[in-house]
Amino acid sequence: MKYLCLGYMEEAKWEAMSESERESFVAECLAYDAVLHEDGRASQGQALQSARSAATLRYQNGQVAVTDGPYAETKEQLGGLFVLEADDLNHAIRLMSKHPGVRMGPFEIRPIDEVFTERANALGG
């Protein structure tokens, strides 16, 4: 079964790190990502730029309203995502519990709706 893993981070923690600490942390994360890829567990991944570069769309009063940045009442912002192949949710939890990124913020692990995804992807050709 496929799971979408959403990695959140506290941008203040990231900004407080020295350049060498950041490089070391990224290398550690990429090394674990490579293990997941080699095991056939991770198929896709995307890192995101700072939440300050985001826009949020909401449907309000019959129209779309755009605001700068994410709308979140939290210090943790979405930092990246990837698709994980796991036997079940408990297996996905075990795999992601070992990811170094969990030290920077939480991971949300959610099953992918493969039926809807397949239908949506079919529209793209």
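**Notebook: helices, a patch and two residues**

I began with helix α2, and its buried residues pack against α1 (11-16), β2 (42-47), β5 (76-85) and α3 (89-97). A reminder to myself before going on: this is a predicted model.

**Entry 1: α2.** I looked up which residues of α2 those are. The buried ones are R22, F25, C29, Y32, D33 and L36. Looking down the axis of α2, I find them within an arc of 105°, so they line one face of the helix. That made me recall the general rule: an α-helix has 3.6 residues a turn, so residues three or four places apart point the same way. On the other side of α2, I noted E19, S20, L30 and E38 as exposed.

Then I checked the length. Helix α2 covers residues 19-38, which is 20 residues. From its first C-alpha to its last it reaches 28 Å, close to the 28 Å expected at 1.5 Å a residue. Just after α2 comes G40, and I wrote down its positive phi of about 75°.

**Entry 2: the whole chain.** I stepped back for an overview. The chain has 4 helices and 6 strands. Read from the N terminus, the elements go β-α-α-β-β-β-β-α-β-α. The C-alpha atoms fill a box of roughly 45 × 40 × 25 Å along the principal axes. I also looked up burial: 28% of the 125 residues count as buried. The accessible surface is about 8700 Å², and 53% of that belongs to carbon and sulfur atoms.

How much of the contact list joins residues 24 or more positions apart? Among contacts with a separation of 6 or more, they account for 73%.

**Entry 3: α3.** Which residues of α3 are buried? I found H91, A92, L95 and M96. Seen down the axis of α3, these fall within an arc of 125°, so they line one face of the helix. I checked what covers them, and the list includes β1 (2-10), α2, β5 and β6 (107-111).

**Entry 4: Y8.** I picked Y8, in strand β1. Is Y8 buried, partly exposed or exposed? Its relative accessible area is 24%, and I put it down as partly exposed because buried means under 20% and exposed over 50%. Leaving aside neighbours within four places in sequence, I listed its contacts: E76, Q77, L78, G79, M104, G105, P106 and E108. For one of them, L78, I looked up the C-alpha distance to Y8, which is 4.3 Å, although the two are 70 residues apart along the chain.

**Entry 5: Q49.** L78 turned up again when I moved to Q49, which sits in the loop between β2 and β3. The C-alpha atoms of Q49 and L78 are separated by 9.3 Å, with their positions 29 residues apart along the chain. Q49 itself counts as exposed, at 67% relative accessibility.

**Entry 6: a nonpolar patch.** Last, I looked at the surface. Which residues make the nonpolar patch? L57, Y59, V64 and V66 do, and the patch comes to about 480 Å². I checked which strands they belong to: β3 (55-60) and β4 (63-68) each supply at least two residues of the patch. V66 is in strand β4. Why does V66 count as exposed? Its relative accessibility is 56%, and the cut-off for exposed is over 50%.

Notes:
Residues are numbered from 1 along each chain as its sequence is written. This is a predicted model: local features need pLDDT of at least 70, side-chain atom pairs count only at pLDDT 80 or more; totals for chains, interfaces and linings use all residues. Side-chain values use heavy atoms; hydrogens and water are left out. Patches are made of residues with over 30% relative accessible area and no salt bridge: like charges are joined within 9 Å, nonpolar side chains (Val, Leu, Ile, Met, Phe, Trp, Tyr) within 5 Å. Accessible areas come from the Shrake-Rupley method with a 1.4 Å probe; for residues, only the protein chains shown count as cover. A salt bridge is a side-chain nitrogen of Lys or Arg within 4 Å of a carboxyl oxygen of Asp or Glu. Buried means under 20% relative accessible area, exposed over 50%, partly exposed in between (1.4 Å probe, protein chains only). The expected span of a helix is 1.5 Å times one less than its number of residues. The arc is that of the directions from the helix axis to the C-beta atoms. Contact means heavy atoms within 4.5 Å.
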